[in-house]
Amino acid sequence: MDRVAKLATQRAVVIFSKSSCCMCHAVKRLFYEPGVSPAIYEVDEDPRGKEVEWALARLGCNPSVPAVFIGGKFVGSANTVMTYHLNGSLKKMLREAGALWL
């Protein structure tokens with residue numbers, strides 16, 4: 001859990017992902033399009049990835065990936081992030097975290 005908390009504060013936007021997950025890919029693209037440069041942690045490429053997944057599940061992320069943190073705070077998984085995107089609040093969150101300037 002401490003490792004996830006530490007990694008989640010490395011950048012304004014942090015995404016825990018799996019390289020083969022299509023929803024993870026969609027979420028990453030959602031952030032890349034407006035010019036956000038998130039830190040991406042591919043849990044399937046990390047030797048301690050199972051521990052990270054377990055910690056994410058304990059945070060309430062089900063499925064465990066994609067898990068998005070903005071400004072060091074857990075935002076949610078794909079459904080939550082897409083909802084924020086569609087209702088316009090994602091851009092506000094990104095601006096407040098310093099991840100988006102326009």
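Two rings of Phe, Tyr or Trp (its six-membered ring) count as a pair when their centres lie within 6.5 Å. With that in hand, here are some close-ups of this predicted model.

**View 1. Aromatic rings gather around Phe69, one of the members of an aromatic cluster.** By the rule above, the count comes to three aromatic pairs. In one of them, the rings of Phe16 and Phe69 have centres 5.6 Å apart and planes at 75°, so the pair is edge-to-face. This pair joins distant parts of the chain: Phe16 sits in strand β1 (residues 13-17) and Phe69 in strand β3 (residues 67-70), 53 residues apart. Phe16 is buried, with a relative accessible area of 1%, and Phe69 is buried too, at 4%.

**View 2. Phe69 also pairs with Phe74.** Here the ring centres are 5.3 Å apart and the planes meet at 55°, so this pair is tilted. Phe74 counts as partly exposed, with 30% relative accessibility, whereas Phe69 is buried. Bring Tyr41 into the frame as well: Phe16, Tyr41, Phe69 and Phe74 form one aromatic cluster.

**View 3. A salt bridge ties Arg3 to Asp46.** Side chains of opposite charge can pair when their charged atoms come close. The model has seven salt bridges, and in this one the N to O distance between Arg3 and Asp46 is 2.7 Å. The two partners come from distant parts of the chain, 43 residues apart. Arg3 belongs to helix α1 (residues 2-8), and Asp46 lies in the loop between β2 (39-42) and α3 (49-58). How accessible is Arg3, by relative accessible area? Arg3 is partly exposed, at 28%. Its partner Asp46 is likewise partly exposed, at 22%.

**View 4. Glu33 and Arg29 meet in a salt bridge.** Look for the side chains of these two residues, with an N to O distance of 2.4 Å. Is Glu33 buried or exposed? Glu33 counts as exposed, because its relative accessibility of 56% is over the 50% cut-off. Arg29 has a relative accessible area of 39%, so this residue is partly exposed.

**View 5. Glu51 pairs with Arg48, and a salt-bridge network links three further residues.** The side chains of Glu51 and Arg48 form a salt bridge with an N to O distance of 3.3 Å. Both partners are partly exposed: the relative accessible area is 46% for Glu51 and 42% for Arg48. In the network, salt bridges link Lys18, Lys50 and Glu53.

**View 6. Helices α4 and α5 pack against each other.** Helix α4 covers residues 78-87 and helix α5 covers residues 89-97. Their axes are 5 Å apart and cross at an angle of about 100°, so the two helices are roughly perpendicular to each other. Which residues make the contact? From α4 come Val81, Tyr84, His85 and Asn87, and from α5 come Ser89, Leu90 and Met93. Sorted by type, the residues of this contact are four nonpolar and three polar, with no charged residue.

Methods:
Residues are numbered from 1 along each chain as its sequence is written. This is a predicted model: local features need pLDDT of at least 70, side-chain atom pairs count only at pLDDT 80 or more; totals for chains, interfaces and linings use all residues. Side-chain values use heavy atoms; hydrogens and water are left out. A salt bridge is a side-chain nitrogen of Lys or Arg within 4 Å of a carboxyl oxygen of Asp or Glu. Helices (H or I, at least four residues) and strands (E, at least two) are DSSP runs, numbered from the N terminus. Buried means under 20% relative accessible area, exposed over 50%, partly exposed in between (1.4 Å probe, protein chains only). Axes are lines fitted to C-alpha atoms, for helices over the stretch in contact, and angles run from 0 to 180 degrees between N-to-C directions. Angles under 35 degrees count as roughly parallel, over 145 as roughly antiparallel, 65 to 115 as roughly perpendicular and the rest as oblique. Contact means heavy atoms within 4.5 Å. Ala, Val, Leu, Ile, Met, Phe, Trp, Tyr, Cys and Pro count as nonpolar, Asp, Glu, Lys and Arg as charged, and the others, Gly among them, as polar. Rings of Phe, Tyr and Trp (its six-membered ring) pair if their centres lie within 6.5 Å; planes under 30 degrees apart count as stacked, over 60 as edge-to-face and the rest as tilted.
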